[in-house]
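Colleague: I would like to go through this model with you, beginning with the ligand and then turning to the cysteines and the backbone. Could you take my questions one at a time?

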Amino acid sequence: MSVDNTLTLNNGIKIPKVQLGTWLMNNDEVKRAVQQAVKIGYRGFDTAKDYGNELGVGKGIWNSDIERSELFLTTKIPTNVKDYKNTKRAIDEALTTFGLDYIDLLLIHSPQPWIEVNRVSDRHFEGNLENWQAMEEALKAGKVRAIGVSNFLKEDVDNILKNGEIIPAVNQIEVNVGHTPWDLMKYCQSQRMLIEAYSPLAHGRLLTNSKIKEFAKKYRVSPAQLMLKYDLQLGCVVLPKSDDIDEMKQNLELDFTINSRDMDQLKRLEL
Ligand SMILES: NC(=O)c1ccc[n+]([C@@H]2O[C@H](COP(=O)([O-])OP(=O)(O)OC[C@H]3O[C@@H](n4cnc5c(N)ncnc54)[C@H](OP(=O)(O)O)[C@@H]3O)[C@@H](O)[C@H]2O)c1
């Protein structure tokens, strides 16, 4: 029986469960990483205009031997763009940079510009709706196959649900052992939005944690594999970042199951 490595978005589009994260890779590094990743079986790549590496991701895709239709590319609207006209422009610029006809998944990167996060209370409801309107139009025009949000809290999601036409396909948020925003995840999932888990390895920070190492040993897997499987068993897509071929391979080898007792303990783990 073949293993299904995909989940299905609320518009019927298949999305790979494990995708390569690319934050903090430059254009050359990411081009190489994408090419290597495709060779060992990755089909999904997560980037953003704000990572400054869309060009490298596009080159990696162009130089791979796999049909474009087999690959799944996600990018994000820059956080300082909060109006309709510049959102439209950002979408067209991204397509030009990638050298591609369409993006698989386009996200609003954050409800607030980075500079305001944790400092300013303005949630930019109007600006996010302008983002969303331009993204809905891009979807209808075939420039993107699915649209979603990232770093959205419940109130930000509700703004789109209440005033937009299309339900976001995903909310991409930080989810890892030790940081699992239950209420938000459950709320989004109840609205048929998939959760994409970013920083699934807590940015590398928890890979040497003794409690995580103990669980990993029990399942004869690495701490990274344990952490990724935890997110997958919560129904998330995971986006581990690595530019090391052995780690990349390891992050795809997740053919084990964490039993429900251990999942409960991991959920409650204080790290
Ligand atoms: N939407 C957003 O606002 C947002 C925010 C943060 C992240 N993201 C996305 O999520 C992706 C992943 O998050 P992240 O980059 O913060 O970090 P992460 O994937 O949680 O962790 C990456 C770190 O783990 C290491 N690593 C990866 N696989 C490993 C393995 N098998 N064994 C040992 N170490 C391993 C990497 O090392 P090496 O690099 O040395 O291989 C790197 O130091 C990002 O790249 C980005 O695409 C999105």
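**The ligand and its surroundings**

Modeller: Of the 28 residues around the ligand, those that come nearest are D46, S199, H203, K241 and E247. Please keep in mind throughout that this is a predicted model.

Colleague: How do the residues of the shell around the ligand divide into nonpolar, polar and charged?

Modeller: The shell holds 28 residues, and sorting them by residue type gives three groups. They divide into 5 charged, 11 nonpolar and 12 polar.

Colleague: Which residue has a backbone N or O atom 3.4 Å from an oxygen atom of the ligand?

Modeller: Two side chains can be set aside here, since S150 has a side-chain N or O atom 2.9 Å from a nitrogen atom of the ligand, and N151 has a polar side-chain atom 2.9 Å from a ligand oxygen. The backbone atom that lies 3.4 Å from an oxygen atom of the ligand belongs to P200.

Colleague: What share of the ligand's accessible area does the protein cover?

Modeller: The reference is the accessible area that the ligand has on its own, which is 920 Å². Of that area, the protein covers 85%.

**Cysteines**

Colleague: Why does the structure hold 0 disulfides, and how far is the sulfur of C188 from the closest cysteine sulfur?

Modeller: A disulfide requires two cysteine sulfur atoms within 2.5 Å. C188 is buried, with a relative accessible area of 0%, and C236 is buried as well, at 1%. The closest cysteine sulfur to that of C236 is in C188, too far for a bond, and for C188 it is likewise the one in C236, so no bond can be assigned across a separation of 10 Å.

**Backbone and annotation**

Colleague: S199 and H203 both have a positive phi; which of the two is buried and which is exposed?

Modeller: Most residues other than glycine have a negative phi. Phi is near 45° in S199 and near 65° in H203, and S199 lies in the loop between β9 (194-198) and α7 (210-218), where H203 is also found. Buried means under 20% relative accessible area and exposed means over 50%, so S199, at 18%, is buried, whereas H203, at 55%, is exposed.

Colleague: How far apart are the end C-alpha atoms of residues 19-269?

Modeller: In the unreviewed UniProt entry, these residues carry the annotation "domain: NADP-dependent oxidoreductase". The span is 43% helix and 14% strand in this model, and its end C-alpha atoms lie apart by 26 Å.

Technical notes
Residues are numbered from 1 along each chain as its sequence is written. This is a predicted model: local features need pLDDT of at least 70, side-chain atom pairs count only at pLDDT 80 or more; totals for chains, interfaces and linings use all residues. Side-chain values use heavy atoms; hydrogens and water are left out. A residue is near a molecule or strand if one of its heavy atoms lies within 4 Å of it. A polar contact is a pair of N or O atoms within 3.5 Å; within protein, one must be able to donate a hydrogen and the other to accept it, and residues adjacent in sequence count only if both atoms are side-chain atoms. Accessible areas come from the Shrake-Rupley method with a 1.4 Å probe; for residues, only the protein chains shown count as cover. Ala, Val, Leu, Ile, Met, Phe, Trp, Tyr, Cys and Pro count as nonpolar, Asp, Glu, Lys and Arg as charged, and the others, Gly among them, as polar. Buried means under 20% relative accessible area, exposed over 50%, partly exposed in between (1.4 Å probe, protein chains only). UniProt positions are given in the numbering used here, feature names are shortened, and annotations may be inferred rather than shown by experiment. Helices (H or I, at least four residues) and strands (E, at least two) are DSSP runs, numbered from the N terminus.
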